[in-house]
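Welcome! Here is a short briefing to read alongside the sequence and the 3D view. Please have both open as you go.

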Amino acid sequence: MNTDGMLILALTVTTVGFLLLILGQAKQIRVLKEENQRLRPVESQDELIADVHEKLKTLGVVKTVKYLREYKGMSMVDAKRLVDTIKE
C-alpha cells in the first residue's frame, strides 16, 4: 500500500473513532439530562413565575435568563421566551 493509501486509511479510522466518541458522549448527555429532570424538585408554574418576577426586578433580563438556564435547567430558548412573556 502506498503512502496516500495509508494516509486515507488513517484519516478514515480517525474519523470513525471521533464519530463513535461523539455518539457516546451524546448518549451520556441524554442520560444525565434525564437524571437531572428526575432529581430536580418539582416546582409549580406559579412559583416559577414569581421567582422570575423577583429575578427580573433584581437582576435584569440577561441575568434572569442565565439564572433560569443554570439553576432551573431550562434551554436558552425556553428561558428567553418565559422572561419575555413575563416582562410584557
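Thr-64 counts as buried because its relative accessibility is 0%, and buried means under 20%. Keep in mind that this is a predicted model. From Thr-64 we will move on to the salt bridges, of which the structure holds 3.

**Thr-64 and its surroundings**

- You will find Thr-64 in helix α3, which covers residues 61-72.
- A polar atom of the Thr-64 side chain lies 3.4 Å from the backbone nitrogen of Leu-56.
- Leu-56 is also among the residues in contact with Thr-64 once neighbours within four places in sequence are left aside. The others in that list are Val-52, Lys-55, Leu-59 and Val-83.

**A salt bridge between two helices**

- Side chains of opposite charge can pair when their charged atoms come close.
- Lys-72 and Asp-51 form a salt bridge through their side chains, with an N to O distance of 3.5 Å. This pair links distant parts of the chain, as Lys-72 belongs to helix α3 and Asp-51 to helix α2 (residues 45-59), with their positions 21 residues apart in the numbering.
- Are these two partners buried or exposed? Lys-72 counts as buried because its relative accessibility is 18%, and Asp-51 is buried because its relative accessible area is 17%.

**Salt bridges within helix α4**

- Helix α4 spans residues 76-87 and holds both Asp-84 and Lys-80, which sit 4 residues apart, about one turn of the helix. Asp-84 and Lys-80 form a salt bridge, and their closest N and O atoms are 2.8 Å apart.
- Asp-84 also meets Lys-87 in a salt bridge between side chains, at 3.8 Å from N to O. Here too both residues lie in helix α4, now 3 residues apart, which is again about one turn of the helix.
- Which residues are joined into one network by salt bridges that share partners? They are Lys-80, Asp-84 and Lys-87.

**How exposed the network is**

- Asp-84 is partly exposed, since its relative accessible area is 21%.
- Lys-80 has a relative accessible area of 35%, so this residue is partly exposed.
- Lys-87, with a relative accessible area of 46%, is partly exposed as well.

Terms used:
Residues are numbered from 1 along each chain as its sequence is written. This is a predicted model: local features need pLDDT of at least 70, side-chain atom pairs count only at pLDDT 80 or more; totals for chains, interfaces and linings use all residues. Side-chain values use heavy atoms; hydrogens and water are left out. Buried means under 20% relative accessible area, exposed over 50%, partly exposed in between (1.4 Å probe, protein chains only). A polar contact is a pair of N or O atoms within 3.5 Å; within protein, one must be able to donate a hydrogen and the other to accept it, and residues adjacent in sequence count only if both atoms are side-chain atoms. Contact means heavy atoms within 4.5 Å. A salt bridge is a side-chain nitrogen of Lys or Arg within 4 Å of a carboxyl oxygen of Asp or Glu.
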